[in-house]
Amino acid sequence: MNELDNMLDASPEMAIPPLVRYCKSRKEAGDRIQVELYRPDTAGGLSRTQLVIRRWEQDEEQEPHAVEWDDALNAGLVDLGIKAIQLEQEAERFALAIRAALRKVERRYGDGYLNSVLIDLIDDSELSKGDEIADVRKHIHANPPERNGSYQACRDLIANEIGGRAVELRDKLGYKPEEIKAVMTKAIAIYLDERFSVSSRRYFGLL
């Protein structure tokens with residue numbers, strides 16, 4: 001039998017990315033594991049990202065392991081309760097998680113409609129009153145969404161996907177309410193910045 005044939009009898013853990021399985025085994029052995037994001041300082045936004053696995057064995061730091069960002073890998077690490085090295089990094093990480101979560105909304109409703117409903121939802125939120133989101137929002141233009149039969153379903157799905165990330169911060173990673181608010185506020189601001197090319201436009205002198 002070849003590798004595909006063997007998969008028919010594989011354990012459930014074989015569906016987990018190999019690096020997540022490794023981190024799970026090391027965590028169970030007592031290692032401390034955190035993640036760090038590395039992004040070159042360019043106008044490219046969130047697209048070029050490395051996820052660096054940092055591990056301490058008996059309080060001695062081991063050689064870091066860097067891989068290209070992968071949504072499934074990150075989701076697996078979140079499920080294991082592995083945090084970023086600091087809240088600032090957690091916000092960047094969850095901006096990418098929001099991007100991944102909202103792709104399904106984009107596929108269902110289209111890019112333009114997602115933009116319109118997303119901004120409508122953000123503007124109605126108390127989070128939009130904070131400086132981080134407000135500083136990005138003032139450079140974003142989105143047409144008001146058509147309030148047809150799809151509007152509420154689209155809005156609910158966006159809210160559910162973003163809210164799901166807040167639940168992960170609470171239930172998977174064990175953050176306190178004030179930490180969750182800080183991470184989600186910054187994560188949404190980073191996501192909006194990338195989605196609407198705010199920093200890129202500023203970089204090229206268009207703002």
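The following questions and answers go through a predicted model of a protein chain.

Student: Where in the protein chain is confidence lowest, and where is it highest?

Tutor: The mean pLDDT of the protein chain is 90, and 89% of its residues reach 70 or more. Where pLDDT is low, the predicted coordinates should not be read in detail. Confidence is lowest, at a mean of 54, in helix H1 (residues 3-7), and highest, at 97, in helix H7 (residues 151-172).

Student: Which strands pair with strand E2, and in which sense, parallel or antiparallel?

Tutor: Strand E1 (residues 32-38) is joined to E2 by 7 bridges, and strand E4 (residues 65-68) is joined to E2 by 4 bridges. Strand E3 (residues 60-61) pairs with E2 over 2 bridges. The partners named are therefore E1, E3 and E4, and the sense in these pairings is antiparallel.

Student: Which residues stand opposite Ile-53, Leu-51 and Trp-56?

Tutor: Ile-53 in E2 faces a residue that the model places as Val-35. For the other two, the partners lie in E4 and E3. Leu-51 stands opposite Val-67, and Trp-56 stands opposite Glu-61.

Student: How many residues of E2 are buried?

Tutor: Strand E2 covers residues 50-57, which gives 8 residues to consider. Buried means under 20% relative accessible area. The strand is mostly covered, and the number buried is 6.

Student: Which residue in the turn between E2 and E3 has a positive phi?

Tutor: E2 and E3 form a hairpin, with 2 residues between them. In that turn, a phi of about 50 degrees belongs to Gln-58.

Student: At what angle do H7 and H8 pack, and what is the handedness of the crossing?

Tutor: Helix H8 spans residues 177-195, and its axis lies 10 Å from that of H7. Ile-162, Arg-165, Ala-166, Leu-169 and Arg-170 in H7 meet Ile-180, Val-183, Met-184 and Ile-188 in H8. By class, this contact has 7 nonpolar, no polar and 2 charged residues. The angle is about 140 degrees, and the crossing is right-handed.

Student: Is Ser-128 buried or exposed?

Tutor: Ser-128 is found in the loop between helix H5 (111-124) and helix H6 (131-137). Its contacts, not counting residues up to four places away in sequence, are Ile-122, Asp-123, Ile-133 and Ala-134. The relative accessible area of Ser-128 is 13%, and the cut-off is under 20%, so Ser-128 is buried.

Student: How far apart in space are Ser-128 and Ile-188?

Tutor: Ile-188 is one of the H8 residues that meet H7. In sequence, Ser-128 and Ile-188 are 60 residues apart. From C-alpha to C-alpha, their separation in space is 9.4 Å.

Notes
Residues numbered from 1 in each chain as written. Predicted model: local features only at pLDDT ≥ 70, side-chain atom pairs only at ≥ 80, totals over all residues. Heavy atoms only, no water. Buried < 20%, exposed > 50% of the residue type's maximum accessible area, 1.4 Å probe, protein only. pLDDT = per-residue confidence, 0-100. Axes fitted to C-alpha atoms, helices over the stretch in contact; angles between N-to-C directions. Left-handed = near helix turned anticlockwise from the far one by under 90°. Contact = heavy atoms within 4.5 Å. Nonpolar A, V, L, I, M, F, W, Y, C, P; charged D, E, K, R; others polar.
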